[in-house]
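Please walk me through this protein model. I am new to it, so keep the steps short.

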Amino acid sequence: MDIICKITGRAMVAILKGELDHHNAAQVREELESRFSAAGMRNLIFDLSGLHFMDSSGLGILIGRYKTVSALGGQTRIAAPSEQADKLLRLAGIYKIIPVYETLTDAVAGL
């Protein structure tokens, strides 16, 4: 699992690549919390274009970060989910609480 974080406009973009599952969920959560806190941002965008696999632990990561960001008055968005991630996110109803955008550029717009 690779995590690349960058600041784009008024948001931290977390680019997740590889597999997000129960084997690495705790590490990913801790790293995202640390980087988000250090960045001092209120908005978080997940770029899931390079995510090849995600299980329910990955859903928990997204929902947990959504709650953190919402408590700060910010927005969480999902950009360019891979086909596999998109299927799981749709089935779980994540898009009802976290909006999805076709591209990262679209997700950054308006923040």
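Q: Which residue in the hairpin of E1 and E2 takes a positive phi?
A: This is a predicted model. The hairpin has two residues between its strands. A positive phi near 65° occurs there, and the residue that takes it is Gly 9.

Q: How many bridges join E1 to E2?
A: The two strands run antiparallel. One bridge pair is Ile 3 with its partner Leu 16 in E2. The number of bridges joining E1 to E2 is seven.

Q: Do E2 and E3 run parallel or antiparallel?
A: Nine bridges join E2 to E3. Glu 19 stands opposite Phe 53 in E3. The sense in which E2 and E3 run is parallel.

Q: In what order do the five strands lie in the sheet?
A: The sheet is open, and its pairing is mixed. E1 and strand E5 (100-101) are the edge strands, each pairing on one side only. The order is E1-E2-E3-E4-E5.

Q: Which residue in E5 does Ile 78 stand opposite?
A: Strand E4 covers residues 76-79. E4 and E5 pair in the parallel sense, over two bridges. Opposite Ile 78 in E5 stands Val 100.

Q: What angle does the direction of H1 make with that of E1?
A: H1 packs on the sheet. Helix H1 touches E1, E2 and E3. Its direction and that of E1 make an angle of about 20°.

Q: What angle does the direction of H2 make with that of E3?
A: H2 also packs on the sheet. Helix H2 touches E2, E3 and E4. Its direction makes with that of E3 an angle of about 180°.

Q: How many of the residues of E2 are buried?
A: Strand E2 is mostly covered. It has 10 residues. The number buried is eight.

Q: How far apart are the end C-alpha atoms of H1?
A: H1 has 15 residues. At 1.5 Å a residue, the helix should span 21 Å. The model agrees: the end C-alpha atoms are apart by 21 Å.

Q: Within what arc do the buried residues of H1 fall?
A: Ala 25, Val 28, Leu 32 and Phe 36 are buried in H1. An α-helix has 3.6 residues a turn, so residues three or four places apart point the same way. The buried residues of H1 line one face of the helix, because seen down its axis they fall within an arc of 60°.

Q: Which exposed residues does the face of H1 turned away from its buried side carry?
A: The buried residues of H1 have cover that includes strand E1 (2-8), E2, E3 and H2. The face turned away from that buried side carries exposed residues. They are Gln 27, Ser 37 and Ala 38.

Q: Which residue just after H1 takes a positive phi?
A: The phi there is about 65°. Just after H3, Gly 93 takes a positive phi too, of about 75°. The residue just after H1 is Gly 40.

Q: Which element gives the most to the largest nonpolar core?
A: This core has 25 residues, and Phe 46, Leu 48 and Met 54 are among those with the most contacts inside it. Elements giving two or more residues include helix H1 (25-39), strand E3 (43-54) and helix H2 (56-71). With five residues, the element that gives the most is E3.

Q: Which residues of H3 is Met 54 in contact with, leaving aside its neighbours within four places in sequence?
A: H3 covers residues 83-92. The contacts of Met 54 include Leu 20, Leu 59 and Leu 62, outside that range. Those within H3 are Gln 84, Ala 85, Leu 88 and Leu 89.

Q: What arc do the buried residues of H3 cover around the axis?
A: Ala 85, Asp 86 and Leu 89 are buried in H3. They lie on the same side of H3, because they cover an arc of only 100°.

Q: What do the buried residues of H3 pack against?
A: H3 also has a face turned away from its buried side, with exposed Glu 83, Lys 87 and Leu 91. The buried residues pack against E3, H2 and E4.

Q: Is Thr 103 buried or partly exposed?
A: Thr 103 sits in the loop between E5 and helix H4 (104-108). It touches Ala 79 and Ala 80, not counting residues up to four places away in sequence. Its relative accessibility is 32%, so Thr 103 counts as partly exposed.

Definitions and conventions. Residues are numbered from 1 along each chain as its sequence is written. This is a predicted model: local features need pLDDT of at least 70, side-chain atom pairs count only at pLDDT 80 or more; totals for chains, interfaces and linings use all residues. Side-chain values use heavy atoms; hydrogens and water are left out. A nonpolar core is a set of buried Ala, Val, Leu, Ile, Met, Phe, Trp, Tyr and Cys residues joined through side-chain atoms within 4.5 Å. Buried means under 20% relative accessible area, exposed over 50%, partly exposed in between (1.4 Å probe, protein chains only). Contact means heavy atoms within 4.5 Å. The expected span of a helix is 1.5 Å times one less than its number of residues. The arc is that of the directions from the helix axis to the C-beta atoms. Two strands pair if DSSP finds at least two bridges between them. Axes are lines fitted to C-alpha atoms, for helices over the stretch in contact, and angles run from 0 to 180 degrees between N-to-C directions.
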